[in-house]
Amino acid sequence: MAKPAGGGRSIGGKQRVKTARKRSAQSTRWLERQLNDPYVRMAKEQGYRSRAAFKLIELDEKFNILKGKKAVVDLGLAPGGWAQYIKRKNPNMNIVGIDLLPVDPIEGVTLFEMDFMDDAAPDILMQALGQAPDLVISDMAANTVGHKQTDHLRTMGLVEAAAHFAIENLSEGGDFLCKVFAGGTHRELLTILKQNFTSVKHAKPPSSRKGSVEGFVFAKGLKPR
């Protein structure tokens with residue numbers, strides 16, 4: 001087994017990483033976790049861009065999210081693992097995605113490097129898709145500033161914007177999947193979703209790290225307007 005950059009050793013089957021002079025203890029722990037994460041390994045083996053692909057894979061296995069779908073808007077696309085999985089499962093799927101970060105091209109996927117909160121973004125996405133989506137997925141999260149409450153509020157602001165986009169643009173009966181984080185504003189989102197969809201379910205897929213406060217909400221069946 002190749003040693004990780006900066007030196008390391010294996011103890012009890014796990015990789016241990018030495019703390020280099022220019023590497024913080026936090027960075028060392030992150031690198032160690034990556035080296036020992038089976039989902040990181042599987043992502044490399046199966047050609048996915050990140051371990052996050054398995055979150056959608058597991059959620060799809062649980063809820064049949066992609067069954068019968070033809071057009072998808074992917075919010076917070078980077079690095080592209082969710083779109084990769086969708087295209088592998090259904091090569092004919094019409095997919096449009098957006099992210100602030102640059103994303104390497106994915107065959108058959110239309111990508112936009114821009115802020116979803118830009119007033120022009122919704123119209124640009126819908127024009128590119130060329131039809132009403134029957135699925136909107138959101139893995140968006142705000143860049144953290146280190147203040148827990150502020151970070152949570154900023155991320156939930158994005159999630160609620162994604163929910164409103166889905167409600168306004170989905171075809172009747174369409175579905176919405178989004179990443180959420182535990183906290184008080186989560187209830188406000190659930191109220192909005194329950195008013196507009198026939199069912200709302202929670203899940204934390206096995207690939208979501210145990211220490212993470214993230215979860216996912218799947219809102220199924222947009223009600224007639």
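This briefing covers the overall fold, one helix, one strand and the cavity of a protein chain. The model is predicted: local features need pLDDT of at least 70, side-chain atom pairs count only at pLDDT 80 or more, and totals for chains, interfaces and linings use all residues. Residues are numbered from 1 along each chain as its sequence is written, and side-chain values use heavy atoms, with hydrogens and water left out.

**Whole chain**
- The protein chain has seven helices and nine strands. Helices (H or I, at least four residues) and strands (E, at least two) are DSSP runs, numbered from the N terminus.
- The chain has 225 residues, and 49% of them count as buried. Buried means under 20% relative accessible area, exposed over 50%, and partly exposed in between (1.4 Å probe, protein chains only).
- About 12,300 Å² of the chain is exposed, with carbon and sulfur atoms supplying 51% of that area. Accessible areas come from the Shrake-Rupley method with a 1.4 Å probe; for residues, only the protein chains shown count as cover.
- Take the contacts between residues at least 6 apart in sequence: 57% join residues at least 24 apart. Contact means heavy atoms within 4.5 Å.

**Helix α3**
- Helix α3 spans residues 53-63 and is mostly covered, with nine of its 11 residues buried.
- Among the buried residues of α3 are Phe54, Leu56, Ile57, Leu59 and Phe63, and also Lys55, Glu58 and Asp60.
- The buried residues of α3 pack against two helices, α2 (38-46) and α4 (81-89). They also pack against strands β7 (175-181), β8 (197-203) and β9 (214-222).
- Asn64 follows α3 and has a positive phi, near 55°.

**Strand β3**
- Strand β3 covers residues 71-75, and five of its five residues are buried.
- Ala71, Val73 and Leu75 point one way, while Val72 and Asp74 point the other way.
- β3 pairs with strand β4 (residues 94-99) in the parallel sense over five bridges. Two strands pair if DSSP finds at least two bridges between them.
- Leu75 of β3 stands opposite Ile98 in β4.

**The cavity**
- The whole structure has one cavity of 30 Å³ or more. A cavity is a set of points on a 1 Å grid over the protein atoms alone where a 1.4 Å probe fits but cannot get out; lining residues have an atom within 4 Å of a point.
- The largest cavity holds about 40 Å³ of space. A volume is the space filled by probe spheres set on the points.
- Its lining includes Ser50, Asp74, Trp82 and Asp139.
- The lining residues divide into five nonpolar, four polar and two charged. Ala, Val, Leu, Ile, Met, Phe, Trp, Tyr, Cys and Pro count as nonpolar, Asp, Glu, Lys and Arg as charged, and the others, Gly among them, as polar.

Technical notes. 1 Å grid on protein atoms, 1.4 Å probe; cavity = no way out; pocket = protein on both sides within 12 Å on 5 of 7 lines; lining within 4 Å.
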